[in-house]
Amino acid sequence: ISGGQAWGPGTFDMKGGLVLALAAVDALDRAGVKPRNEICCLWTTDEEIGSESSRRIIEQEAKRSNAVLVLEPAGEPGGALKTSRKGVGEIEIRVSGRAAHSGLKPEEGINAVHELGMQIARIARFDDPRRGIRVHVNRMEGGTRTNVIAAEARAFADVRVTRAADARRIEQKFRRLRPILPGARLEIRGGVSRPPMERKMGAALFRHAKGLAAKMGIRLEESASGGGSDGNLTAAVGVPTLDGLGAIGADAHSTRERVVVSELGPRAALIAALIATL
């Protein structure tokens, strides 16, 4: 702890959120305030890698709830709550060609790396920032040696969308891709695995939270995030979801990660008020 901030791996994303949840529930207990509804505190450990193991139980508990409060880190700067998040997915483009000696008989080969390069140029045109669609090929591999026409190649695209309809549309665009080089074969795998959290699923909750915060002298703002969380899953099953209720800080996933200590108390009070009034 230095300069009014608590530093360390995971302090902001998202051990601070766990601390705040426990502090809020403890504060209600000490104040003798009984919430209107049963509280379920669900900690999951695989959110950063897609929530594959925890998704079923997250959706199951969400469907039993009238609201979901997600204690992911607050928006930067100033602690804004997150009322919308982009849907996130990974799509693999796999190309099969035919190997040949690149000096003796290159014409007998089908260059998978060349095919993949041309497909990536096509995929780059799927990116549409004005619609909130972002498509970026960030990893690729292929071939064996420089003197061998590459028989195999693959690339991985990071896909982010603002609307559920766009998730389906972008997946269809990938699956409509066809080979350019004669004899090459394409295989498309994956898709948008974490649906978008659209603003309509959190707007009413945000207005309620903003009113509570105003009574505490706290100015609360809302924000949209390009990253996904488990809040995407709960919103997608039709449950009102408010995200970004965690600690106020900065620089998640870095050696400079930290939270502002003086903001922990007011944040816990806001969470406690939400729990008590929902």
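This is a short talk on the two biggest pockets in this structure.

Okay, hi everyone. Quick reminder before we start: what you're looking at is a predicted model.

Let's begin with the largest pocket. Its volume comes out at about 1200 Å³. There are 42 residues lining it, and if you want to find the middle on screen, go to Cys40, Cys41, Leu42, Val68 and Leu69, which lie nearest the centre. Now, which elements give two or more residues to that lining? You've got four helices and a strand to click through: H1 (11–31), H2 (55–63), H6 (230–236) and H7 (264–277), plus strand S2 at 68–69. H1 gives the largest share, with eight residues. As for chemistry, the lining splits into 22 nonpolar residues, nine polar ones and eleven charged ones.

Right, on to pocket number two. The second largest pocket holds about 360 Å³ of space. Here 18 residues make up the lining, and Glu48, Val88, Gly89, Asp158 and Arg160 are the ones nearest the centre. So what supplies at least two residues each this time? Strands: S4 (87–96), S5 (134–142), S6 (152–161) and S7 (185–194). The largest share comes from S6, which puts in four residues. And by class, we're looking at four nonpolar, seven polar and seven charged residues.

To recap, then: in the largest pocket, H1 is the top contributor to the lining, while in the second largest pocket that role goes to S6. That's it from me, happy to spin the model around if anyone wants a look.

Note on methods
Residues are numbered from 1 along each chain as its sequence is written. This is a predicted model: local features need pLDDT of at least 70, side-chain atom pairs count only at pLDDT 80 or more; totals for chains, interfaces and linings use all residues. Side-chain values use heavy atoms; hydrogens and water are left out. On a 1 Å grid over the protein atoms alone, a cavity is a set of points where a 1.4 Å probe fits but cannot get out, and a pocket is an open set with protein on both sides within 12 Å along at least five of seven lines; lining residues have an atom within 4 Å of a point. Grid points are joined across faces, edges and corners, and a volume is the space filled by probe spheres set on the points. Ala, Val, Leu, Ile, Met, Phe, Trp, Tyr, Cys and Pro count as nonpolar, Asp, Glu, Lys and Arg as charged, and the others, Gly among them, as polar.
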